[in-house]
Amino acid sequence: MAAFLLVLSVLEFGVPQEVVNLPVADDPLCTGFDELFRVSGTLTTVSSIGFDRFGTVRIGDAMGAGAFRVVGVTAAGDRFEFGRLGQGPGEFAGATRFVALANGHSVVPDYERGVFHEFEPNGRFRHQARMDDLSDDALDMIYRADRSGGILGQYRAMRVRSEQDTSARTTTRRTVEGPRDVVRVNVEGVLARVSPFASGWTPPRLAFTHDYTMGGLGTGSLTTEGAASRVAFLPRLLWDVLPGGGIAMSDSSGYAIKILDGSGQVVRILRRALPRQPITAGFQRAYRARELDALEAEMTEMRQRAGNQLALVEDVLSSQEAMQEAAIATMEFADEVPLVDDLLTAWDGTIWIRRMPESGFPADGSANPGGHNLHRVLQTNQMNKPAAAIDLLNPGGQYLGTIPATQARWPAAMGPDGLVAFVEVDEFDVPVVLVGTISVSACEPTATN
């Protein structure tokens, strides 16, 4: 492997911080996938996947109308599932995803009921904790299981204003990007407790805002009005857990992967001086066109889902569509395209860095009718990812090589001993989860005459 240079710097707080300058030239890696089994035919929408330390994979299946279940397959091939609608212990009212803990337990956030449900490895309900200490204004959270047993989370969107006028039959909301913080979430007690862990760089502008007022509640004739704004290509906060309780984080447009220890302190930064891509006027036009196409596709899908209720909600959908079209037309742009598009960590600590696709368009960047770019469900996010090179690093600062875009396949989840899961759809658009082991090695030299 190419040599790397270590430079010692000091944070303004006096904490020693190692900066590692990684090689610029790609060192190609080749991958192999040995499929062990697949889960198919019975899933509706794969929203989340996770492994435990025993090799059991669990799949979150969002079935619509608030229905959610967890489907599990053990290393021995035994299948089980749990989760149903209801208001009793361990029953869901508005769950859409789950977190697989290393010890085999599963935690299901249910914002409709305001609780975290915890289940034992066999799916038996164990415990629930109220979300009182979690902000009531959190609209979207990303959760990761700390391999030592805890949970880390990040706010993606916040409701900063919510008012309902029963006499006027209206409700008004304002939604903005959440703080770029990672927090610890403890669900062991009666109340879930949240404590600060780490903060990412906060841009001077919010990535999105969304204001709307819905009228006609309870009258059978809904109306809506509002406005949305967006700033495209601001760097997202990307992170995943590392052995020992720390995390790897990317929070800037450049290639600078921060390694944080279990106390949330940055102890190392891994840099790669890859070429930057400025955002030109032509690039902006192409991106707006892409966003309009994505919006049209999403609105078409929403109208199809409405079915015989379309007449009731058509005014609302048309208003949302016009609002988003205006947001795309007035969209602002950052100065350059971020170099990192996604980040995952393997159980052995290897960091997988998905670079920005050659098109320059991030996989998680399309408009949605909600007015902001939240993480889509895992299945959709997987299917929308165009080809992109993947770098492999270790937390100590060694560049292990790059999987070329032509061979790269981004895992939906990673487990112990090289286990990975991928999401596909079959010819009937039914999701299929493939589980197996992945191997990575230096590519064999190409034979020449």
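Select Gly-32 to begin: Ser-439, in strand β32, stands opposite this glycine. Keep in mind that you are looking at a predicted model.

**Stop 1: the open sheet**

Now widen the selection to β3 and β32, residues 431-442. The two strands run antiparallel, and ten bridges join them. Add β31 and β30 to the view. You now have an open sheet of four strands, in the order β3-β32-β31-β30. Its pairing is antiparallel. Look at the edges, where β3 (29-39) and β30 (413-414) stand. Each has a single partner strand, so one side of each is left without a neighbour in the sheet. What holds such strands together? Strands of a sheet pair through backbone hydrogen bonds.

Move on to β31, residues 419-425. Seven bridges link β31 to β32, again in the antiparallel sense. Pick Val-423 and look across to β32: the residue opposite is Val-433. Then follow the chain through the hairpin of β31 and β32, with five residues between the strands. Stop at Asp-429, which takes a positive phi near 65°.

**Stop 2: the largest cavity**

How many cavities of 30 Å³ or more are there? The count is two. Go to the largest, which holds about 800 Å³ of space. Select Ile-49, Tyr-143, Arg-144, Leu-344 and Ala-412; of the 39 lining residues, these are the closest to the centre. Several elements give two or more residues to the lining, among them β4 (46-51), β12 (138-145), β26 (340-345) and α3 (378-383). You have met another of these elements already: β30, from the edge of the sheet. Colour the lining by residue type. You should find 24 nonpolar, eight polar and seven charged residues.

**Stop 3: the second largest pocket**

Next, select Leu-274, Arg-355, Met-356, Pro-357 and Glu-358. They are the closest to the centre of the second largest pocket, out of 14 residues that line it. This pocket has a volume of about 260 Å³. Which kinds of residue make up its lining? Ten are nonpolar, one is polar and three are charged.

**Stop 4: two nonpolar cores**

Show the side chains of Phe-233, Tyr-287 and Phe-333. In the largest nonpolar core, which has 20 residues, these three touch the most other members. Now display β18 (223-232), α1 (281-306) and α2 (310-329), the elements that give two or more residues to this core. Which of them gives the most? It is α1, with four residues.

A second, separate core has 19 residues. To find it, select Val-107, Met-158, Val-185 and Ala-192, which are included in this core. Leave Met-158 highlighted for the last stop.

**Stop 5: Arg-174**

Finish at Arg-174, in strand β14, residues 170-177. Why does Arg-174 count as partly exposed? Its relative accessibility is 29%, and partly exposed covers values between the buried limit, under 20%, and the exposed limit, over 50%. Draw a distance from the C-alpha atom of Arg-174 to that of Met-158: the separation is 8.5 Å. Along the chain, the two residues are 16 residues apart. Arg-174 is also in contact with Met-158. Leaving aside neighbours within four places in sequence, its other contacts are Arg-159, Val-160, Arg-161, Thr-209, His-210 and Asp-211.

Definitions and conventions
Residues numbered from 1 in each chain as written. Predicted model: local features only at pLDDT ≥ 70, side-chain atom pairs only at ≥ 80, totals over all residues. Heavy atoms only, no water. Pairing = 2+ DSSP bridges. 1 Å grid on protein atoms, 1.4 Å probe; cavity = no way out; pocket = protein on both sides within 12 Å on 5 of 7 lines; lining within 4 Å. Points joined across faces, edges and corners; volume = space filled by probe spheres on them. Nonpolar A, V, L, I, M, F, W, Y, C, P; charged D, E, K, R; others polar. Core = buried A, V, L, I, M, F, W, Y, C linked by side-chain atoms within 4.5 Å. Buried < 20%, exposed > 50% of the residue type's maximum accessible area, 1.4 Å probe, protein only. Contact = heavy atoms within 4.5 Å.
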